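User: I would like to go through a structure by question and answer. Please start with the terms I need.

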Amino acid sequence: MQGQFRHTFSRYMFFLPALIFVLIFMIYPIVYNIIVSFQDLTLMNLKTGGQFIGLDNYTNVLGTATFSVALKNTVIYTVSCIFFQIVIGYLLAVFLNQDFPFRNFFRSIMLLAWMTPLVITGSLFTWLFDVDYGVINYILTSLHIISEPVNWLGQQSTALTAIIITNIWIGIPFNMILILAAMQSLPKDVYEAATVDGSNKLQTFWHITLPLLRPQLLVIIVLGIIYTFKVFDLILIMTGGGPVNATTVLPFYGYQLAFVNFNFGESGVVATVILCILLIIASIYLYMMKKEEVQ
Amino acid sequence: MRQYSLKQYMLLLGAIIITMIFLFPIYWMITTSIKPMSDIFTSPPMIIPGTIQFDAYINNLIKDQSLLPYIRNSFVIALGTSLFTLVLALPSAYAMARFRLPYANAFLLILLVTQMIPGIMMAMPLYVMFSNFGLVNSYTALIVGNTTTALPFAIVIMRPFFLSIPKGLEEAAVIDGCNTFTAFTRIILPLTKPIILTVLTFSFLFAWGDLIFALTLATDENVRPLTMGITRFIGQYGTQWDNLMAVATIAAAPIIIIFLVFQKHIVSGITAGSEK
């Protein structure tokens, strides 16, 4: 009996350290965000704890223009980043799936873009988007795509686009590697059969590759949403949310509320909203995966 | 040597061109840092540097040594995070793969959900917690903060690896007189070198690049890492792009070196992380 207990106990000992860490430093903060969103916690009463104030924080935050702008920007940012990352990543994966010398080197070297710390990428692209001496303006004017230099990060109409382009650059290699891995798991004989049947490339893509890749693409899209949704560093470095909130997204708004205004209660509201959105995405994903398995 | 056809060499040429265009920003960062100021502000931009000089590096590493403490802090935080993550993740991923623990699947789901929460949203509660314990402005706070990002990823990629090791190995070890713990340390650990390297590399990279926790959990320059150092230089240098790009290149150098050494582990880590 005691031996049995020791046996079970030693098994749990493997598990316990990580479990305790996750409970204290990961689960508790999530719960804390929700609790604090109903309190008037600021820097002033941080030590003593905030008072329960019902839904006041929610009416304050959700009613502001900044919140709706941030929500809109988050959606535009996430959708356009993921769309272009996956399309370009797919095209690159098709190219790198062919057999040629040193292809493994080319597959991985592009990941440098994804691995570089965002602070560095952010300041690098600020330089590339520079209005007077930036390379991007130079290329676009010499190709006659734009007639005069654009102040990419300095005006409301283009700032978000510039940040989206930066993030697309970062995410392309990541998506390319994942799509490539998915492609390599596809059965080869189906393609041979399609060629024998006289399908052209577009038909093969539409009727064979896409349906076969569907489950993996779903995973990649969900991963993409989650990683893109987190955007913070690029915005802090490149625009600081401006000009006039043109690049404020939800996580950045939450940061401003907590660490610029020190209104922890209101930042808890933003965190709770983000949590709800992510949970909805996760449930849609689980639902689709279940449907996929049934088929 | 394998023989390649002309078409395959054309594909190679295509790959070189695509890679050069794609990685141009990195090239531009490095060349900006070694150009004299007058060559930086030219129109059209000077794609191939005319004169090469290392003034910006001498300025920022030797003449002005204020960058060095940031580099040290980054190493302490990144190494601390990768070791702490490994110590927590290794046994628990093993346990989740091997023992039929009740709730292990629930734990996995919780990890996947917490992985989704933006770091900046974890920073506020952690800030409140650490300021109550007097831990704001400590390496501990930054290492714990970064571990919250690295740990879920580490467990998620390690668990399938342990599942792929045949169970008979430990059973044989137990028959030979090992207990659960020694079976793990003597038999399983030596087999896990590649995945340990993957986890160490990724957690190091996560922590090295972190700005969120550095910005929120440390207000004191003494513990702030290089990413915060860069933001200070952005304020200080404004549009002195040679200095700024030199600092950026210095900060990117460890990443590039680690990448070149551990390429294989990084690619396998990314693909493993996307499997369920």
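Analyst: Helices are DSSP runs of H or I with at least four residues, strands are DSSP runs of E with at least two, and both are numbered from the N terminus. Residues are numbered from 1 along each chain as its sequence is written, while chains are lettered from A and ligands numbered from 1 in the order in which they are written. The model is predicted, so local features need pLDDT of at least 70 and side-chain atom pairs count only at pLDDT 80 or more, whereas totals for chains, interfaces and linings use all residues.

User: In what order do the elements of chain A run from the N terminus on?

Analyst: Chain A has 13 helices and 0 strands. From the N terminus on, its elements therefore read α-α-α-α-α-α-α-α-α-α-α-α-α.

User: What is the radius of gyration of chain A, and how does it stand against the globule rule?

Analyst: The radius of gyration is taken over C-alpha atoms, and the globule rule is 2.2 Å times the number of residues to the power 0.38. For 295 residues the rule gives 19 Å, and chain A is well over that, so it is more spread out than a compact globule. Along its principal axes the C-alpha trace of chain A spans about 75 × 75 × 35 Å. The radius of gyration of chain A is 24 Å.

User: Which helix of chain A has the lowest confidence?

Analyst: Confidence is given as pLDDT, the predictor's confidence in each residue, from 0 to 100. The mean for chain A is 88, and 97% of its residues reach 70 or more. Helix α3 (residues 65-96) of chain A is highest at 94. The lowest, at a mean of 78, is α9(A).

User: How many of the 8 residues of helix α9 of chain A are buried?

Analyst: A residue is buried if 20 or more other C-beta atoms lie within 10 Å of its own, exposed if 12 or fewer, and partly exposed in between, with C-beta atoms placed from the backbone. Helix α9 covers residues 189-196 of chain A and lies largely in the open. The helix is followed by A:Gly198, whose phi is positive, near 80°. The number of buried residues in this helix is 0.

User: Is A:Phe21 buried or exposed?

Analyst: A:Phe21 lies in helix α1 of chain A. Within 10 Å there are 21 other C-beta atoms, which means that A:Phe21 is buried.

User: Which residues is A:Phe21 in contact with, leaving aside its neighbours within four places in sequence?

Analyst: Two residues are in contact if their C-beta atoms, placed from the backbone, lie within 7 Å. With neighbours within four places in sequence left aside, A:Phe21 is in contact with B:Leu88 and B:Leu151.

User: Which helix of chain A gives the largest share of the side that touches chain B?

Analyst: In total, 68 residues of chain A are in contact with 72 residues of chain B. The largest share of the chain A side is 16 residues, and it comes from helix α1 (residues 2-36).

User: How many residues of that side of chain A are nonpolar, polar and charged?

Analyst: Ala, Val, Leu, Ile, Met, Phe, Trp, Tyr, Cys and Pro count as nonpolar, Asp, Glu, Lys and Arg as charged, and the others, Gly among them, as polar. The side of chain A that touches chain B divides into 56 nonpolar, 8 polar and 4 charged.

User: How far apart are the C-alpha centres of the two domains of chain B?

Analyst: Domain bounds come from an automatic or database domain assignment. For chain B the assignment gives domain 1 (6-53) and domain 2 (64-273). Across the boundary, 7 residues of domain 1 are in contact with 6 residues of domain 2. The C-alpha centres of these domains lie apart by 33 Å.

User: Which helix of chain B gives the largest share of the side of domain 1 that touches domain 2?

Analyst: On that side, α2 (24-33) and α3 (37-40) of chain B each supply at least two residues. The largest share, 4 residues, comes from α2(B).

User: How many residues does the largest nonpolar core have?

Analyst: A nonpolar core is a set of buried Ala, Val, Leu, Ile, Met, Phe, Trp, Tyr and Cys residues joined through C-beta atoms within 7 Å. Helix α8 (residues 156-184) of chain A gives the most to the largest core, with 16 residues. Domain 1 and domain 2 of chain B both give residues to this core, so the core lies between them. Its number of residues is 157.
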